[in-house]
Amino acid sequence: MTETRKKRLLPTGDCFCGCGGEAGIGRWFVFGHDITAAGALRAVEGGLSLPQRLVEAGFGPERSVVEEAVGSAGWVRCERCAYAGTPAGLAAHVRGGGCDGAGEGPGVPADGLAEEGQDGAGQDGAGTSPVAAAAEAGAGGGGGESAGPVRVEAGPARGMLLPGPDDGVWKSVPMHLRTHLQTAAQRLMSPEPPVLREKGNAPVRYALRAAAGRRLAGRHWLVLLAAARESYGSARSERARKVFEVLEQVVADYLAPAVQELPAAGEPPAAGEPVEEGVNAAGGTAPEPVPAAGEAEPRAAAGAVPRVPAEAGAACGLLLPGPDDPAWEEVPLHLRQALRGAAHQLVTPVRGPLKAKEQRRVLSAVRAAERMRMTGAHWLLLMTTGREALGGPASARADAFYKVLEQILAEHPPQAQEDTPAVSGAAEAD
């Protein structure tokens, strides 16, 4: 080490980049000025790159600078992985679940699941919250056998019977949903809300960190989808609300249809009772004026094209094609774009009835329209949703969105792909 590096420096409260700003007690730099100072120093020293600086100091592929730091500069190594850093950095590494093997060590859970499981060990979901059951499912299944389905009693997936943590459905969550969750989780964790530092909320904290780093496994998804809204932050926390909304979007846009298509596995209709999407694939009774009803019926009859009678909404009185009918893909681009603009206005920001929990499926469909990623199920739901579900009577944004739906029915009424007549009235507008 040089004499300069050995010299003990103390923070003075002034920014060390020399800008004259006040850095605060115990701080060396005004926020962000350390990066500027490092770049400026590099330029003054001749603009050497990091490899060049390492070689000039005598380090490189043949001589590890990290080993030197561990041997002579007070750095320490993690006992369970290759991490090396200052003692404070190692403590943060272990606390943050950054160690891949930490879950096997005593008292150091990698994802918080082991810590949560200690409270209700082996009680088969008898813990105080559904998070404990999800954590238990994620911690088990070590014998190569995928843990069984997990019934969720709270959170964004409340009332659903979700696949076990090893099921392939978790690896297939679309990239745009993972990205939305990553962004929301990073905002929520910078800094962490006090509620996430509570011991009983450790699984949620570690699962959010996994989401922020896009390292989500099935056990993390189960924990996040089973955690109540208050587990993420206070009722007034906008950051916590955003995370919860993204998770609801994952349930509505991907998980509900994905679970619906899975084999029933002998589970009675109770698996889908609280979820209107019709998670019970064993067969609904009478078709409902919502996408799930049209989706549950057709697959049994080979070659039969489903029909969904609309009893409300812009298509009230019409017989619409089922959610899998190609007719929904033929809506002209200019109408999709008109709906996209109206949808963006309607949900920026979300207000009125669309904020209600019971309208989360409608909100998800409106967001799908905003992104121009509409499926037949989304079209059916929007066409059969009453005007009052979109906004108050005086809402111009809700009026504009509803009028675009009516315009689509008038200019391009969806025709089922079969010989039988589709419907009445609006079908003859062609």
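Me: A residue is called buried when its relative accessible area is under 20%, exposed when it is over 50%, and partly exposed in between (1.4 Å probe, protein chains only). What percentage of the 430 residues of the protein counts as buried?

Reply: Of the 430 residues, 43% count as buried. The model is predicted: local features need pLDDT of at least 70 and side-chain atom pairs count only at pLDDT 80 or more, while totals for chains, interfaces and linings use all residues. Residues are numbered from 1 along each chain as its sequence is written, and side-chain values use heavy atoms, with hydrogens and water left out.

Me: How many helices and strands does the secondary structure contain?

Reply: Helices (H or I, at least four residues) and strands (E, at least two) are DSSP runs, numbered from the N terminus. This protein has 16 helices and 6 strands. Contacts, meaning heavy atoms within 4.5 Å, add a further view: among those with a separation of 6 or more, 53% join residues 24 or more positions apart.

Me: What span should helix α16 have, and which of its residues are buried?

Reply: The expected span is 1.5 Å times one less than the number of residues. Helix α16 (residues 396-411) has 16 residues and should span 22 Å; its end C-alpha atoms are 22 Å apart, so the two values agree. Its buried residues are R397, A398, F401, Y402, V404, L405, I408 and L409. These buried residues cover an arc of only 150° around the axis, which puts them on the same side of α16; the arc is that of the directions from the helix axis to the C-beta atoms. An α-helix has 3.6 residues a turn, so residues three or four places apart point the same way.

Me: Which residues of α16 are exposed on the other side, and against which helices do the buried ones pack?

Reply: A396 and K403 are exposed on the other side of α16. The buried residues pack against α13, α14 (360-370) and α15 (376-383).

Me: In helix α14, is R367 buried or exposed?

Reply: R367 counts as buried because its relative accessible area is 12%. Leaving out residues up to four places away in sequence, R367 touches E245 and V350.

Me: Which residues are in contact with Q249?

Reply: Q249 belongs to helix α11 (residues 238-261) and is buried, with a relative accessible area of 7%. Apart from neighbours within four places in sequence, Q249 is in contact with L177, H180, Y254, S364 and R371. L177 is itself one of the buried residues of α8. Helix α8 (residues 175-188) reaches 20 Å from its first C-alpha to its last, close to the 20 Å expected.

Me: Where does A310 lie, and what does it touch?

Reply: A310 lies in the loop between β5 (307-309) and β6 (319-321). A310 is buried, with a relative accessible area of 5%. Beyond residues up to four places away in sequence, A310 touches A315, C316, G317, L318, L320 and T384. The C-alpha atoms of A310 and M383 are separated by 7.8 Å, although these residues are 73 apart along the chain.

Me: What lines the second largest cavity?

Reply: A cavity is a set of points on a 1 Å grid where a 1.4 Å probe fits but cannot get out, and lining residues have an atom within 4 Å of a point. The structure holds 2 cavities of 30 Å³ or more. The second largest has a volume of about 40 Å³, the space filled by probe spheres set on the points. R336, L339, R340, A369, M372, M374 and W379 line the second largest cavity. Helix α13 (residues 333-346) gives the most to this lining, with 3 residues.

Methods
1 Å grid on protein atoms, 1.4 Å probe; cavity = no way out; pocket = protein on both sides within 12 Å on 5 of 7 lines; lining within 4 Å.
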